[in-house]
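User: Hi! I have a structure open and would like to talk it through with you. Could you take a look?

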There are 2 protein chains.
Amino acid sequence: MNMTKLSDEVGVGRLPDATNEVRRLLADLESEVSILDADQAGPRYCRDWDDSVGDPAPVVRPRTPEALARVVGRLGAAGLRMVPQGGMTGLVAGGAPQRGEVVVSTELLDVIEGVDVFNGTMRVQAGVTLQAVQEEAQRHGLFYPVDLGSRGSCHMGGNIATNAGGNRVLQYGMTRASVLGLEAVLADGTVLSRLGEVVKDNAGYDLKQLFIGSEGTLGVVTRAVLRLQPQPRERITAVLGCASLDQVLQALVLTRRLLGPALTSFEVMWRDFVAFVTGDLGLGRDPFAGAAPFQILIEVSCFDPDEERERSRVEESLAQVAETLGSEQVVVAQSLKDAEDLWRVRDSSGEVARAMGDYLSFDISIPTSQLQAVLGRIEVELERLSPGMRKVTYGHLGDGNLHLLLACPSELAAAVEDRVYQLVTEAQGSLSAEHGIGMAKREALARWLPPAELAVMNRIKRALDPNGLLSRGRVLVSDFPE
Amino acid sequence: MNMTKLSDEVGVGRLPDATNEVRRLLADLESEVSILDADQAGPRYCRDWDDSVGDPAPVVRPRTPEALARVVGRLGAAGLRMVPQGGMTGLVAGGAPQRGEVVVSTELLDVIEGVDVFNGTMRVQAGVTLQAVQEEAQRHGLFYPVDLGSRGSCHMGGNIATNAGGNRVLQYGMTRASVLGLEAVLADGTVLSRLGEVVKDNAGYDLKQLFIGSEGTLGVVTRAVLRLQPQPRERITAVLGCASLDQVLQALVLTRRLLGPALTSFEVMWRDFVAFVTGDLGLGRDPFAGAAPFQILIEVSCFDPDEERERSRVEESLAQVAETLGSEQVVVAQSLKDAEDLWRVRDSSGEVARAMGDYLSFDISIPTSQLQAVLGRIEVELERLSPGMRKVTYGHLGDGNLHLLLACPSELAAAVEDRVYQLVTEAQGSLSAEHGIGMAKREALARWLPPAELAVMNRIKRALDPNGLLSRGRVLVSDFPE
């Protein structure tokens, strides 16, 4: 986990003036907002889940989306810089306030405004948690497919601002694919509200795409219309052991061919990951007791009312995959309890990251067919730079997304990052598959993206936030005057 | 079909100076581009498929994406206005050149640059047709899911620039969902090339989203990486007759619940549409001989190697839907020939549009649950404005997308459009579901979108094309000085 200390003056209340100014500017909005002084707000508003720590800052918590727009308009007109905050579960130091910033928190915007069962949509405010969305969908016999470990605390506004990924991207896409309508507030308080409830909408530029994944730098998400899916009747979970990465990739092609869109997860765990979880952490159980170099965790979503028929179909397909690959390591969960046991190891990735402390962490995408070659080259480089470096590897392989954690001596971190990002870039991969950029990877982005692309990103930033008031310095290294 | 005459001076070669200037500016690129004089180019480059007719214009056809970037850079530096052209199958007067514009055609960029079977991706140049993409995918046992009537002539560059929809959006989304990587050229010749081959990529703003669906106004698409899907083993087609729109909506909820993502099309034809096709046009056959007020055309994609098992599953599900609705009108195709017969009526929508000549045509989205109420109100308004007006109705109802063609006296067209768009806007629908805006609907967009949203679109336009050189006047009513 990267530790990003944004300041060494943490915990000292140095901003009474800012708080006073905020209180003065919002004096007549007292009933619509809750304001916390910089020295009262505490670590909840000052620290990202990745342990990046910001400066103490006054916190404004609007009680409605409309109040949020007024707050941002007022503070923006006064030239104050702002950082929108959701559940603070990001991993790239995006939400912790920097010196001089005011926190605009969406945590009081927690209303689910409606579910339309025929249309398959849900309208929510930005502060609703992912888990609340999932549960509300389920109550209506529907399904919100995005799922993350932080489901209980992450906010939908943050999910959208960071285009959150997770375990079911293979079939359902990233958060972007589940957002039909969006309301966002620009730095000058302008409200862009297109809460469309339809899948097809080609009426002008699709502005919502700009806000999805831009990490709060272009506007503050206040409301969204989410697309819901039919609720699977059952899920079948299985684990397949493989001897090589080559076998893993063959298994991916085969299972997709046999199961089509019913294949909703294809998660791969390297032996080093399984060993860390079951050994070092003592969590879960390795069904193959260390004998499988790779384990594929497969989830199949079932809709057939005849459950026996569907189960036999899925089991036949998995047996066929195993037979084609010559693998004898297949376990199919026979109960919900079984399935939970199989997912436990994979679901411990959060604990792994925490336990590994200041290990170097990569969240990269590599085109599936180049995975083996690129990983091979990364291993050669690591061995050259620091022989025997411990590493832990796992990922959403159906999407080419790989998480790689390295016990890298801090003096080598820069060199290792440089080599990994170079190899990933050359392979047309991504240096941030799902966690985004924040402040943690902005230098890497600046180094590895073509200058023309960075220049256009800066033009977009200036077009929507000409004074650089929102989340300055996240994603893009700021080129605004201090 | 809307007839948009962009000029009444068609066919007169008035632009020898422009052609000469283009030839002079590109003189040293002779081997990389083909140039046609304005008076040689002919209607192919001057007329959209919707019969909107432009001014004669010099046509530049670069032979490579790199040459296209050089061409645009040169012409842009000289201050010449340009309109990118693909297969010219758009329906909103987007591609026909206006006075003073140079056509930049992608038709010589017809190379499929590669298919990656493991990764499930295809890299193409902008001038490759949709059909060529579909066939190439199939040759590799894969599937490109977007499908349109103009598949044989429309270009992928145009599909992307207009975010094309079609018959399988329900499961696979619009074109946007199938684009992983994109290369585009800005008005100043800057090349933005992010030909990423991965589903997950949160490294900075997702700039490709800006070009998808912006109809050539922000940049010219030159290359793309497309996402391919597993190829279904078989497709089962069925038609279900319904007595009311209410029944149709119940059928939608039920079939989605029973079939999940296997349901890939849910097309609805009103009796007026079926009667027009089978009666007026004499095409296809109505399986219910006029007895069904609504017909739902259902396509289910099958992956189970045991075809009998899957067919019995699908037939049971459809029977259950019919039973729940109390409908006895169900036909399931038993052969490919059967399926083609069932699709023939729906596939005749192009002929319907042509045969109806200057009928008023709507391509709207309405949230499914509001469909009945909004359509009811539209009918009341039509009856009030022009009693007994003939209309033809069909659509991709699984997506809320409706096509409505009206035999509307031309003097009433403005009033009818106004009422329809008002009702659609109030229902959080879209005034252009899949065809886009072009010049045909820019006034409607300007009238019905909130001013704040239009202002931000103009800011984006100026950020990427500060002199308004690319496709000026499409999508947005131009605010550049003439």
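Analyst: Happy to! Let me start with a definition: a salt bridge here is a side-chain nitrogen of Lys or Arg within 4 Å of a carboxyl oxygen of Asp or Glu. Also keep in mind that this is a predicted model.

User: Good to know. How many salt bridges are there over all chains by this rule?

Analyst: The count is 75 over all chains. One of them joins Asp55(A) and Arg99(A), at 3.6 Å from N to O.

User: Where do Asp55(A) and Arg99(A) lie?

Analyst: Both are in loops of chain A: Asp55(A) between helix 2 (38–41) and strand 2 (59–62), and Arg99(A) between strand 3 (81–85) and strand 4 (101–105). The pair therefore ties together parts that are 44 residues apart in sequence.

User: And is Asp55(A) buried or exposed?

Analyst: Asp55(A) is buried, because its relative accessibility of 2% falls under the 20% cut-off. Its partner Arg99(A) is partly exposed at 46%.

User: Got another one in chain A?

Analyst: Sure, Asp479(A) with Arg462(A), where the closest N and O atoms are 3.2 Å apart. Arg462(A) is in helix 16 of chain A and Asp479(A) in the segment after helix 16 (451–464), so this pair ties together parts 17 residues apart in sequence. Asp479(A) is partly exposed at 41% relative accessibility, and Arg462(A) is partly exposed at 34%.

User: What about a pair within one helix?

Analyst: Try Arg384(B) and Glu381(B), which meet in a salt bridge of 2.8 Å, N to O. Both lie in helix 13 (residues 371–385) of chain B, three residues apart, about one turn of the helix. That fits the general picture: an α-helix has 3.6 residues a turn, so residues three or four places apart point the same way. Arg384(B) is exposed, with a relative accessible area of 56%, while Glu381(B) counts as buried at 14%.

User: Which residues do salt bridges with shared partners join into one network?

Analyst: Glu66(A), Glu113(A), Arg123(A), Glu183(A) and Arg223(A) are joined that way.

User: Let's switch to the interface. How many salt bridges are there between chain B and chain A?

Analyst: There are 12 between chain B and chain A. One pairs Glu434(A) with Lys200(B), at 3.0 Å from N to O.

User: And how much area do the two chains bury?

Analyst: Chain B and chain A bury about 7,500 Å² between them, with 57% of it on carbon and sulfur atoms. Lys200(B), Asn202(B) and Tyr205(B) supply 14% of the area that chain B buries against chain A, more than any other three residues. In terms of contacts, 95 residues of chain B touch 96 residues of chain A.

User: Nice. Any aromatic pairs?

Analyst: Eight over all chains. In one, Phe143(B) and Tyr172(B) are edge-to-face, 5.6 Å centre to centre with 70 degrees between the planes. Phe143(B) is in strand 7 (residues 142–143) and Tyr172(B) in helix 6 (residues 169–172) of chain B, so the pair ties together parts that are 29 residues apart in sequence. Both rings belong to buried residues.

User: Another, please?

Analyst: Trp270(B) and Phe294(B) are also edge-to-face, at 5.2 Å centre to centre and 70 degrees between the planes. Trp270(B) is buried, with a relative accessible area of 8%, and Phe294(B) is buried at 11%.

User: Where does a charge sit over a ring?

Analyst: In chain A, the charged end of Arg44(A) sits over the ring of Tyr45(A), 5.0 Å from its centre. In chain B, Arg44(B) lies over the face of Tyr45(B), 4.9 Å from the ring centre.

User: Any odd backbone angles?

Analyst: Most residues other than glycine have a negative phi. Ala289(B) has a positive one, near 45 degrees, and is exposed at 70% relative accessibility. Ser471(B) also has a positive phi, about 45 degrees, but Ser471(B) is buried at 2%.

User: Last one: what is the average pLDDT of chain A?

Analyst: Chain A averages 92, and 96% of the residues score at least 70. Over residues 1–16 of chain A, however, the pLDDT is below 50.

Key: Residues are numbered from 1 along each chain as its sequence is written. Chains are lettered from A and ligands numbered from 1 in the order in which they are written. This is a predicted model: local features need pLDDT of at least 70, side-chain atom pairs count only at pLDDT 80 or more; totals for chains, interfaces and linings use all residues. Side-chain values use heavy atoms; hydrogens and water are left out. Rings of Phe, Tyr and Trp (its six-membered ring) pair if their centres lie within 6.5 Å; planes under 30 degrees apart count as stacked, over 60 as edge-to-face and the rest as tilted. Helices (H or I, at least four residues) and strands (E, at least two) are DSSP runs, numbered from the N terminus. Buried means under 20% relative accessible area, exposed over 50%, partly exposed in between (1.4 Å probe, protein chains only). A charge sits over a ring if NZ of Lys or CZ of Arg is within 6 Å of the ring centre and within 35 degrees of the ring normal. pLDDT is the predictor's confidence in each residue, from 0 to 100. Contact means heavy atoms within 4.5 Å. Buried area is the accessible area (1.4 Å probe) that two parts lose on being put together, summed over both.
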